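Welcome, and please load the model in your viewer. We will begin with the whole chain and then select smaller pieces.

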Amino acid sequence: MPAAPSPVPAAPSHLPAAPSPAPAAAQRSVTVIGLGPMGQAMAAAYLGRGYRVTLFNRTPSRADALVERGATLAGTAEEALRANELTVLSLTDFDAMYALLGPAKEAVASRTLVNLSSDTPEKARAGARWVTELGGTHLTGGVLCPPPLIGGPDVSAFYSGPREAYEKHRAALEVITGKTDHRGEDPGLAALMYQLNMAIFWPSMTAYWHTVAVAAAHGIKATEIAPYATENFAGMGHFIDFYSPRVDAGDHAGDVDRTSMGLASMEHVVHTTADAGVDTAFPEAVHDIFRRVMEAGHGADSFSRAVELMRR
């Protein structure tokens, strides 16, 4: 999930206190490059599990709290790469990888890079080729939780790339998220699965922000609407489970819902928003999809027919 601003925790509440350092010969080690909120949380999780952690970030001060807990701050990306066989990258995108590691290309050989940076499937494939051509191994990853939940047993991440590398480092990957899902050898697949989840997350949260804005116009606080919004989101699982097999079968029968009904409902949402003096751009975008399905002659079909419209 996207990185929400948060301080580096002294120790994640769901993790045990950091154990005494293991003997040097047996101690596990990892390098973390990129110390935004997500990278900091990952490094903290590794420290909490007794790993020897080496860090690198273009803004060194972001490592201060982690260094106080025992991490080592490398002076250069090359030094960070050479410190350990396994390196976790937590960067803005794959371009940031090239910018940081380009000057340290010689140090990529014989290293495994787990790239948890967000980007497109094609960018992930190109990045994997770049690492492979330098003699390294690349695993693409996509983490499905915000920084405060890193290290938890019930959060998950997608990975793709060489299965052998995934299995070799699986225990280290499960420090970040308790559940991991290897999607195959194609390095673009983990990026794809991550982006598919972001395509749900961002519009869903935008719908909530819109709801909060309309509620506020009527003197209703976000904390008052929150329990109902949570119940609404929780109930979405029912609809997803119901519609998914029908969509796969090409069944858009209007026996449960109809596009014409949805269009009327979204018109009411748009008008309610306008009457409250709130920006109507978001509900109008949804309304436009209903309208296009109607204009295509599918007013009596389920709104799931929108899938076909979007495919075209």
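A residue counts as buried at under 20% relative accessible area, as exposed at over 50%, and as partly exposed in between, with a 1.4 Å probe and protein chains only. By that rule, 43% of the 312 residues of the chain are buried.

Before going further, note that this is a predicted model: local features need pLDDT of at least 70, side-chain atom pairs count only at pLDDT 80 or more, and totals for chains, interfaces and linings use all residues. Numbering starts from 1 along each chain as its sequence is written, and side-chain values use heavy atoms, with hydrogens and water left out.

**The whole chain**

Show everything as a cartoon. You have 12 helices and eight strands in view; helices (H or I, at least four residues) and strands (E, at least two) are DSSP runs, numbered from the N terminus. Along the principal axes, the C-alpha atoms fill a box of roughly 70 × 45 × 30 Å. Among contacts (heavy atoms within 4.5 Å) with a separation of 6 or more, 66% are between residues 24 or more positions apart.

**The sheet**

Now select the strands. The eight strands make an open sheet with mixed pairing, in the order 3-2-1-4-5-6-7-8. Strand 3 (72-73) and strand 8 (179-182) are the edge strands, each pairing on one side only. Two strands pair here if DSSP finds at least two bridges between them. In general, such pairing runs through backbone hydrogen bonds, either parallel or antiparallel.

**Strands 1 and 2**

Select residues 29-33, which form strand 1: four of its five residues are buried. Add residues 52-56, and you see strand 2 running parallel to strand 1, joined by five bridges. One spot to click is Val30, whose bridge partner in strand 2 is Val53.

**Thr87**

Next, go to strand 4 (residues 86-89), where Thr87 is found. Is Thr87 buried or exposed? Thr87 is buried, because its relative accessible area is 0%. Leaving aside neighbours within four places in sequence, show what Thr87 contacts: Thr31, Ile33, Leu81, Thr112, Leu113 and Val114.

**Strands 6 and 7, with helix 5**

Finally, select residues 137-143 and 156-160: these are strand 6 and strand 7, antiparallel and joined by four bridges. Click Gly142 to find its bridge partner in strand 7, Phe158. Then add residues 121-133: this is helix 5, lying across strand 5 (112-115) and strand 6, at about 150° to strand 6. That angle is taken between N-to-C directions, from 0 to 180 degrees, with axes fitted to C-alpha atoms, for helices over the stretch in contact.
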